[in-house]
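Please look over the structure shown here with the report that follows, which turns first to a patch of charge, then to a strand and its partners, and last to some backbone angles.

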Amino acid sequence: MMITKTTTFFAVATAALLLGASSVWALPEAVDGGVRFTVEAPDASSVHLAGEFNAWDPEATPMSDEDGDGVWEVVVDLQTGRSYQYKFVIDGGAEWRPDPDNPERVDDNYGGYNTVMAVTMDGGVVLGSIEGPESFEPVVDELKPVGRPLSIAVVWHQHQPKYLKNLETGEYHEPWVRLHAIKDYYDMAAILKDYPDIHFTINLTPVLLTQLKDVIEGYDTGGATDRYLRMTLKDAADLDLDDKVFL
């Protein structure tokens, strides 16, 4: 097993001591029951710990400041032999703060950083990531449900571009409005008969409805629809060479 970038912390710590830094060094540490996380936030009204160990839930792991000294802490039981990214959630999400005392950080893909620590196989805590041959099961089975319903609005936006028509015959060059309507758009609404308790919104654009109306009227009156439908309805014995080449 290899510990990566551990020397960075000692360099930063030494520099801070030499400069007389006043920050409270409160790194994650192994204690009875797991790993203790600590952060100094005297102006905060609430602090939570979020990370890969709790699916980044901003409310799952509250921290406490029992003596009112502005230092918040919590002990978390973590799986050994794994690396974890984490942050402190200040005042319900007003700020997602990387651990100011842990220099091991990675890009969080949102313009900021996550701090990184790891628990070794023997239960020790190190800064940064660890690498080894071990493999682990996903932690999703270890997570507790938050017990809140999730409201979801399902909206199907059904549209088509305005396809070209033959200006002389009124026949559409492409069949996609008709084919999508009978193959996809109809099914998506009709399936509700099998699931009456599920509700959703279907948005039909004017450009789609206009072309559907054209095709329906053309079919009902024996007029123009689209070339593909005309070929489908034509008796095979009446197909000329151009029709066969097209097919």
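Strands, as the word is used here, are DSSP runs of E with at least two residues, numbered from the N terminus. In this predicted model, the loop between β4 (47-51) and β5 (71-76) is the place of glutamate 66. With a relative accessibility of 78%, glutamate 66 counts as exposed, because exposed means over 50% relative accessible area. Glutamate 66 also belongs to a negative surface patch, which is formed by Glu40, Glu66, Asp67, Asp69 and Glu73.

The loop between β4 and β5 also holds alanine 55, a residue other than glycine whose phi is nonetheless positive, near 60°. Alanine 55 counts as exposed, since its relative accessibility is 51%. Most residues other than glycine have a negative phi. A positive phi in a residue other than glycine is found again at aspartate 91, where the angle is near 50°; aspartate 91 is placed in the loop between β6 and β7 (95-97), and at 31% relative accessibility it counts as partly exposed.

Which strand is largely enclosed by the rest of the structure? It is β9 (residues 113-119), and the reason is that 6 of its 7 residues are buried. The pairings of β9 are set out below, each with a pair of residues that stand opposite each other or are bridge partners.

| Partner of β9 | Sense and bridges | Residue pair |
|---|---|---|
| β6 (residues 82-90) | antiparallel, 5 bridges | glutamine 85 and valine 116 |
| β8 (residues 105-107) | antiparallel, 3 bridges | valine 106 and asparagine 114 |
| β10 (residues 125-127) | antiparallel, 3 bridges | methionine 117 and leucine 127 |

Two of these pairings are also hairpins. In the hairpin that β8 forms with β9, 5 residues lie between the strands, and asparagine 109 takes a positive phi near 70°. The hairpin of β9 and β10 likewise has 5 residues between its strands, and here glycine 123, in the turn, has a positive phi of about 90°.

Taken together, β9 is a strand with 6 of its 7 residues buried, paired in the antiparallel sense with β6, with β8 and with β10, whereas the loop between β4 and β5 carries glutamate 66, which is exposed at 78% relative accessibility.

How values were computed:
Residues are numbered from 1 along each chain as its sequence is written. This is a predicted model: local features need pLDDT of at least 70, side-chain atom pairs count only at pLDDT 80 or more; totals for chains, interfaces and linings use all residues. Side-chain values use heavy atoms; hydrogens and water are left out. Patches are made of residues with over 30% relative accessible area and no salt bridge: like charges are joined within 9 Å, nonpolar side chains (Val, Leu, Ile, Met, Phe, Trp, Tyr) within 5 Å. Accessible areas come from the Shrake-Rupley method with a 1.4 Å probe; for residues, only the protein chains shown count as cover. A salt bridge is a side-chain nitrogen of Lys or Arg within 4 Å of a carboxyl oxygen of Asp or Glu. Lys and Arg count as positive and Asp and Glu as negative; His and the chain ends are not counted. The place of a charge is taken as NZ of Lys, CZ of Arg, CG of Asp or CD of Glu. Helices (H or I, at least four residues) and strands (E, at least two) are DSSP runs, numbered from the N terminus. Buried means under 20% relative accessible area, exposed over 50%, partly exposed in between (1.4 Å probe, protein chains only). Two strands pair if DSSP finds at least two bridges between them.
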